[in-house]
Amino acid sequence: MPFIDLETNLPASKFPEDFLKRLCTTTALALGKPEDRINLVVKADLPMLIACSCSPCVMLSVWAIGVTDTADKNKEHSAKIFQFLTRELDLSEDRIVIRFHPLEPWQVGKKGTVMSFL
């Protein structure tokens with residue numbers, strides 16, 4: 001059950017519903033997870049700075065169980081997600097940062113319990 005948070009100083013108008021669906025599809029494919037398991041939020045219009053610059057930028061965080069726990073896996077995920085974000089948002093790679101966070105099943109609650117008991 002991946003959680004994707006995209007934080008950006010780009011305007012909210014840059015993120016119509018179809019962008020969210022395409023980002024969902026892209027991250028699901030990159031992580032090897034079903035689309036109906038992806039939880040995604042976009043936070044736009046934020047005051048942000050990356051590398052001493054307030055130019056348009058994105059910080060994307062990925063929390064997932066079993067697929068973000070090694071550098072080799074995250075290198076593959078990063079390449080696929082960067083390709084999508086640079087193309088869709090017209091940003092250079094130096095204006096995008098991705099953070100990967102491994103989750104354990106007991107850290108995710110759903111249906112009144114945690115994932116390790118579902």
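# Notebook: fold, cores and selected residues

**Entry 1. Overall fold.** I counted the secondary structure of the chain and obtained 2 helices and 6 strands. I note that this is a predicted model. Following the sequence from its start, I read the order of elements as β-α-β-β-α-β-β-β.

**Entry 2. Dimensions.** I looked up the extent of the C-alpha trace, which spans about 45 × 30 × 25 Å along the principal axes of the chain. I then compared the radius of gyration with the value for a compact globule: for 118 residues that value would be near 13 Å, and the chain has 15 Å, which agrees.

**Entry 3. Burial, surface and contacts.** I recorded that 39% of the 118 residues count as buried. The exposed area of the chain is about 6,700 Å², and carbon and sulfur atoms supply 55% of that area. I also checked how far apart in sequence the contacting residues lie. Among contacts between residues at least 6 apart in sequence, 73% join residues at least 24 apart.

**Entry 4. Charges.** I tallied 14 positive and 15 negative side chains in the chain. The centres of these two sets lie 4 Å apart.

**Entry 5. The largest nonpolar core.** Which residues touch the most other members of the largest nonpolar core? I found Val58, Leu60 and Leu85, in a core of 25 residues. I then asked which elements supply this core with at least two residues each, and listed strand S1 (3-8), helix H1 (17-31), strand S3 (58-65), helix H2 (71-89) and strand S4 (96-103). H1 gives the most to this core, with 6 residues. Apart from this core I noted another, of 5 residues, including Met1, Leu103, Val108 and Met115.

**Entry 6. Val58.** I looked up the contacts of Val58, leaving aside residues up to four places away in sequence. Val58 touches Leu6, Glu7, Thr8 and Leu10, and also Met48 and Ile50. Its further contacts are Leu85, Leu89, Leu91, Arg95, Ile96 and Val97.

**Entry 7. Thr8.** Thr8 is one of the residues that Val58 touches, and I placed Thr8 in strand S1. Is Thr8 buried or exposed? I recorded Thr8 as buried, because its relative accessibility is 0%. With residues up to four places away in sequence left out, Thr8 touches Phe15, Lys43, Ala44, Asp45, Leu46, Met48, Cys57 and Val58.

**Entry 8. Leu91 and Asp90.** I located Leu91 in the loop between H2 and S4, and Asp90 is found in the loop between H2 and S4 as well. I compared their accessibility. Leu91 counts as buried at 9% relative accessibility, whereas Asp90 counts as exposed at 68%. For Asp90 I also noted the backbone: phi is near 55 degrees, a positive value in a residue other than glycine. For Leu91 I listed the contacts, not counting residues up to four places away in sequence, as Leu10, Pro56, Cys57, Val58, Thr86 and Ile96. I also took the C-alpha to C-alpha distance from Leu91 to His77, which is 18 Å for a separation of 14 residues in sequence.

**Entry 9. Lys111.** I found a positive phi at Lys111, a residue other than glycine, with a value near 55 degrees. Where is the place of Lys111? I located Lys111 in the loop between strand S5 (109-110) and strand S6 (113-114). Lys111 is exposed, with a relative accessible area of 73%.

**Entry 10. Arg37.** I found Arg37 in the loop between H1 and strand S2 (39-43). Its relative accessible area is 37%, so I recorded Arg37 as partly exposed. Which residues does Arg37 touch, when residues up to four places away in sequence are not counted? I listed Met1, Pro2 and Met115. Met1 and Met115 are among the members of the 5-residue core. I took the distance from Arg37 to Pro2, C-alpha to C-alpha, as 6.6 Å, although the two are 35 residues apart in sequence.

**Entry 11. Glu104.** Finally, I turned to the loop between S4 and S5, where Glu104 is found. Glu104 is partly exposed, with a relative accessible area of 42%. I noted that Glu104 and Ser116 lie 8.3 Å apart, C-alpha to C-alpha, with their positions 12 residues apart in sequence numbering.

How values were computed: Residues numbered from 1 in each chain as written. Predicted model: local features only at pLDDT ≥ 70, side-chain atom pairs only at ≥ 80, totals over all residues. Heavy atoms only, no water. Helix = DSSP H or I, 4+ residues; strand = E, 2+ residues; numbered from the N terminus. Rg over C-alpha atoms; globule rule 2.2 N^0.38 Å. Buried < 20%, exposed > 50% of the residue type's maximum accessible area, 1.4 Å probe, protein only. Contact = heavy atoms within 4.5 Å. Areas by Shrake-Rupley, 256 points an atom, 1.4 Å probe, with all protein chains shown as cover. Lys, Arg positive; Asp, Glu negative; His and termini not counted. Charge placed at Lys NZ, Arg CZ, Asp CG, Glu CD. Core = buried A, V, L, I, M, F, W, Y, C linked by side-chain atoms within 4.5 Å.
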